[in-house]
Amino acid sequence: MAALAPAVWAQAPAADYGLRFDSVSCAKSDNQLMVSMTVDPSQARMPSCDGLRLTPVVTAGNREVRLPEIYVAGRKRYIMLRRDDASRDIHRDNGGPFPYLVQVDYENWMRRSTLRVLVEESGCAGALKSEGAEDIAAIDFRPKEFAPEAVVLVKPVAVEKQRSIEKTAYIDFPVNRYAIEPNYRRNAEELAGIRASIDEVKADADATIRSVAIKGFASPEGSYSGNERLARERSKALAEYVRSLYSFSGDIMKTSWVAENWEGLCSWLKANPSFADGREILSIASGSLPDDEREALIRRRYPAAYSTLLRDVYPGLRRSDYRIDYTIRPFTDPKEIAQVMKTDPSKLSLYELYRLAETLEPGSEDYREVFEVAVRLYPDEQDANVNAASTALLYNNLDKAEGYLKKSGQSAEADYLRGVLAAKRNDFITARRYFESVKSRGLGAEADEALTLITEME
């Protein structure tokens, strides 16, 4: 059995009845609450036929647990009750002190509660003469560290869940031709890749395709006007081919083009710094000369390198980037959200994860998992980091909380949690500064509670 965790001891007289409750102790061990005290009826004076029924109660708000009763009786009532039931635990009004010890199941709400005694005075015929109640001990099992009760979270805004798939295809065309030839060179494999990407989204019952965008690139050799025509017409041809496979409406398919893929060439040169004359060619390619002049200058000054680029690099610059934009339907049932979180969490929004967390016990493993999933899915979202930091602080994982707070922005909730982090590290000066700063920003009650706790700990 774990060591006993004491609450607050108290001595309280029941002045109206001449009773005393001394050495009152409330302690918890494992999942049990132990209540002990000494009841002193020696000063109680009552008519010989009267009796007092004492009922200790552990209470907090509208919750309570009643403990076994104590009965104190006058002389005649005592004799009568003992004659009727000799085993009954009854005490005389002028008798000496006696111990009271009881053990009940501990519940979380008892961590901050009150031990109260209900008193009922009855006459000779058992009629109720008076009743009252007296608080005899304050129970407080909260940890003696900075642990405010407020769990500050940010409720994300519900937004449409937009998702996308972005890939690249390398479609080959015969010289100066625009039509798609599925069996030409490697086109069958490249077109199959486009179809597989679209089919993946279409097969998902939770997804709706909003657009399929194709962006065509031509390589820099030849005239700019000719390359622009090639890039434009080949992009349109690929879009029409995809539309014919799926009967997409006109507004689904979108096209754009880049006449000469200088950016792609510069990226390749930067990634291959040992390429002969690469630094000089990069300077020209990234310069401000008109496109045709750039291409002619490279070809004239570095013919050997240009020949290698034309053979080995330029084919990779002729590409078609495609992007499939789609939306995921909203989820409203917490049970469904929980299931989706297990099977495909990427479908969930921050708002939906928050909705699920609202149904869980704060501090539970499931509760913590929700916010950790949220910050993994949205690592740069301030709301996700605020909520993950709040959960980490509940578990006293201070280093992890500090990491989240670096990406949490400057909201009142984020600053409040920075104050909690500072207080848990016993930096009360910094903590006070944060708590004072959020008082006028919607967290006055939380800040006041935190400041009170700091004062108690100092």
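Student: How many salt bridges are there by the rule used here?
Tutor: Good place to start! This is a predicted model, and the rule asks for a side-chain nitrogen of Lys or Arg within 4 Å of a carboxyl oxygen of Asp or Glu. Counted by this rule, the salt bridges come to 33.

Student: How far apart are the closest N and O atoms of R92 and D93?
Tutor: R92 and D93 form a salt bridge, and the cut-off for that is 4 Å. The closest N and O atoms of this pair are separated by 3.3 Å.

Student: Is D93 buried or exposed?
Tutor: Let's look at its partner beforehand: R92 is partly exposed, with a relative accessible area of 25%. Buried means under 20% relative accessible area. D93 has 6% relative accessibility, so D93 counts as buried.

Student: Which residue meets the side chain of E295 in a salt bridge?
Tutor: E295 is itself buried, at a relative accessible area of 4%. The partner lies in helix α6 (residues 291–301), 4 residues away, so the two are separated by about one helical turn. That partner is partly exposed, with a relative accessible area of 40%. At 2.6 Å, N to O, the side chain that E295 meets is that of R299.

Student: What is the N to O distance in the salt bridge of D448 and K439?
Tutor: Here D448 counts as partly exposed, at 38% relative accessibility. K439 counts as partly exposed too, at 35%. Their side chains meet with an N to O distance of 3.1 Å.

Student: Which residues are joined into one network by salt bridges that share partners?
Tutor: A network arises here where salt bridges share partners. The residues joined in this way are D204, D206, R329, E336 and K347.

Student: Which side chain of opposite charge is nearest to E190?
Tutor: E190 sits in helix α2 (residues 187–202). E190 is buried, yet has no salt bridge. A salt bridge needs a distance within 4 Å, and the nearest side chain of opposite charge is 5.1 Å away. That side chain belongs to R186.

Student: Which residue has a backbone nitrogen that the side chain of E190 reaches?
Tutor: Start with the contacts of E190, leaving aside its neighbours within four places in sequence: they are T168, A169, Y170 and I171. The side chain of E190 reaches a backbone nitrogen at 2.8 Å, and that nitrogen belongs to Y170.

Student: Where does R185 lie, and what is its phi?
Tutor: R185 lies in the loop between β12 (161–169) and α2. R185 is exposed, with a relative accessible area of 64%. Its phi is a positive value in a residue other than glycine, near 50 degrees.

Student: What about D277: where is it, and what is its phi?
Tutor: The place of D277 is in the loop between α4 (262–271) and α5 (278–285). D277 is partly exposed, with a relative accessible area of 35%. Phi of D277 is positive in a residue other than glycine, near 60 degrees.

Student: Which element supplies the largest share of the lining of the second largest pocket?
Tutor: The second largest pocket has a volume of about 550 Å³. It is lined by 24 residues, and the closest to its centre are F173, E221, L230, R234 and R318. Both β13 (207–217) and α3 (224–246) supply at least two residues of the lining. The largest share, 5 residues, comes from α3.

Student: What separates the C-alpha atoms of Y224 and P290?
Tutor: Y224 lies in helix α3 and is partly exposed, with a relative accessible area of 31%. Leaving aside neighbours within four places in sequence, Y224 is in contact with A259, E260, D291 and D292. Y224 and P290 are 66 residues apart along the chain, while their C-alpha atoms are separated by 9.3 Å.

Student: And how far apart in space are L393 and A44?
Tutor: L393 is found in helix α11 (residues 382–394) and counts as buried, at 5% relative accessibility. Not counting residues up to four places away in sequence, L393 touches L398, A401, L417, V420, L421 and K424. L393 and A44 are 349 residues apart in sequence, and from C-alpha to C-alpha their distance in space is 51 Å.

Notes:
Residues are numbered from 1 along each chain as its sequence is written. This is a predicted model: local features need pLDDT of at least 70, side-chain atom pairs count only at pLDDT 80 or more; totals for chains, interfaces and linings use all residues. Side-chain values use heavy atoms; hydrogens and water are left out. Buried means under 20% relative accessible area, exposed over 50%, partly exposed in between (1.4 Å probe, protein chains only). Lys and Arg count as positive and Asp and Glu as negative; His and the chain ends are not counted. A polar contact is a pair of N or O atoms within 3.5 Å; within protein, one must be able to donate a hydrogen and the other to accept it, and residues adjacent in sequence count only if both atoms are side-chain atoms. Contact means heavy atoms within 4.5 Å. On a 1 Å grid over the protein atoms alone, a cavity is a set of points where a 1.4 Å probe fits but cannot get out, and a pocket is an open set with protein on both sides within 12 Å along at least five of seven lines; lining residues have an atom within 4 Å of a point. Grid points are joined across faces, edges and corners, and a volume is the space filled by probe spheres set on the points.
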